[in-house]
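The following exercises concern a predicted model. Please study the sequence and the structure before reading each solution.

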Amino acid sequence: MRTIAVVTGARSDYGCLVPVLKGIKAEPSLQLMLFVTGMHLSPDFGLTVRDVEHDFEISERIEMLISSDTPEGIAKSVGLGVIGFAQAYSRHRPDILLVMGDRFETLAAVSAALPFTIPVAHISGGESTEGAIDDAIRHAITKMSHLHFVSLPEYGRRVIQMGEQPWRVTVAGEPGLDNISATPALSIAEVEKRIGMSLQHPPLLVTFHPATLELGQAETHVPELLAALDTMGMPMVFTAPNADTEGRVIATRIQGFVRHHPNSRYVTNLGTAAYVSMMRCSAAMVGNSSSGIVEAASFELPVVNLGSRQQGRLCGKNVIHAEMKADTIIRAIRLAVSPGFRESLRGLTNPYGDGKAAPRIVEVLKTVPLDRNLLVKTFYSKGEFSSREEAMQRI
């Protein structure tokens, strides 16, 4: 039996990982080891570790998130994470470490695994988010990983372009889509009870995070967003921003807005079932979350994607892009909630997969040989030069 250790650091990646976790747990030849860290362990973000421990046995809780969203605070959190994961790997030595995405918590987990020579399997490599430091983190994790589970063939080609051998790359699809079909829909009444607000009229679901490569801009961007929303006269449900630089600036501004708008709510943690149900019943999603790019298409849900944070990602035709200017955001929201635009999305196919990513991932995890060939990586160059002299001439 081989042991697969999985890292989750936030409600966002956990919802996507649940189908994979269940698949590993159900496979007789695999043993699941779950490491929980980051926002899961913080009261500021709803202590979502309680949701995790309700579903699975937790092997390690790695505290790393300090109460600061400054660049120094984030960098220190990464350092604490590396120390914490190093201690965890000294106690538990998994056969494969499975991680997802592009968060700094994940970077800490993978960095600590390097000296232990633990093979790393990475979900969602090859993507691009040009407005966030996550972009660099994702590519760094790719180069430290030994197996790659990508959502699209285009992203697989990018991973190979980075020098990864093709046999290491599996086009699995996005596992978050598996969770959509497996998550039972809550009734409108249940969702209303969860958020404490009537949903007689479909709301705007607002999920807005810092664009971390635009340091210092949150104080400018959030007022533009809130000014636009103030004109819409629609109910609104806000979800909490991530623990990124300037995340608290965004949270404070939104909470102030909600206090003066009775038809709006700020929810620290909706939970997977309620979040999926909100996507089913909302008029549109507004913000810059990856869920608007990856998951919303499965609900034929219009999305207004703001600013640069998700720039570079492949999008379905349900996504309307808007700059961080109030008048531009207003026009985009009005288009998104118009009956004609919603009607144009009927029968929309989600480009991020067929909802069967988890079985593909689990199959590779249980069958890949755990040998030197997996651990020792050779840089792959398509169409390699025939000689050093030819290469030097081309440079």
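**Exercise 1.** Determine in which sense strand 2 and strand 3 pair, and over how many bridges.

*Solution.* Begin with the two elements: strand 3 comprises residues 60–62, and strand 2 comprises residues 30–37. Their pairing is parallel and extends over three bridges. One bridge can be located by residue: Phe 35 has Glu 60 of strand 3 as its partner. Next, follow the chain between the two strands. From strand 2 it passes through helix 2 (residues 49–55) to strand 3, forming a right-handed β-α-β crossover.

**Exercise 2.** Describe how strand 1 and strand 2 pair, and state the handedness of the crossover that links them.

*Solution.* Strand 1 covers residues 2–8 and pairs with strand 2 in the parallel sense, over seven bridges. Within this pairing, Val 36 of strand 2 lies opposite Thr 8. The connection from strand 1 to strand 2 runs through helix 1 (residues 11–26), and this β-α-β crossover is right-handed.

**Exercise 3.** Explain why strand 2 is described as largely enclosed by the rest of the structure.

*Solution.* Count the buried residues of the strand: seven of its eight residues are buried. Strand 2 is therefore largely enclosed by the rest of the structure.

**Exercise 4.** Decide whether Ser 277 is buried or exposed, and identify its contacts beyond four places in sequence.

*Solution.* First, place the residue: Ser 277 belongs to helix 11 (residues 272–281). Second, apply the cut-off: a residue is buried under 20% relative accessible area. Ser 277 has 3% relative accessibility, so it counts as buried. Third, with neighbours within four places in sequence set aside, Ser 277 contacts Ala 185, Leu 186 and Val 191.

Key: Residues numbered from 1 in each chain as written. Predicted model: local features only at pLDDT ≥ 70, side-chain atom pairs only at ≥ 80, totals over all residues. Heavy atoms only, no water. Buried < 20%, exposed > 50% of the residue type's maximum accessible area, 1.4 Å probe, protein only. Helix = DSSP H or I, 4+ residues; strand = E, 2+ residues; numbered from the N terminus. Pairing = 2+ DSSP bridges. Right-handed = clockwise from strand over helix to strand, strands pointing away. Contact = heavy atoms within 4.5 Å.
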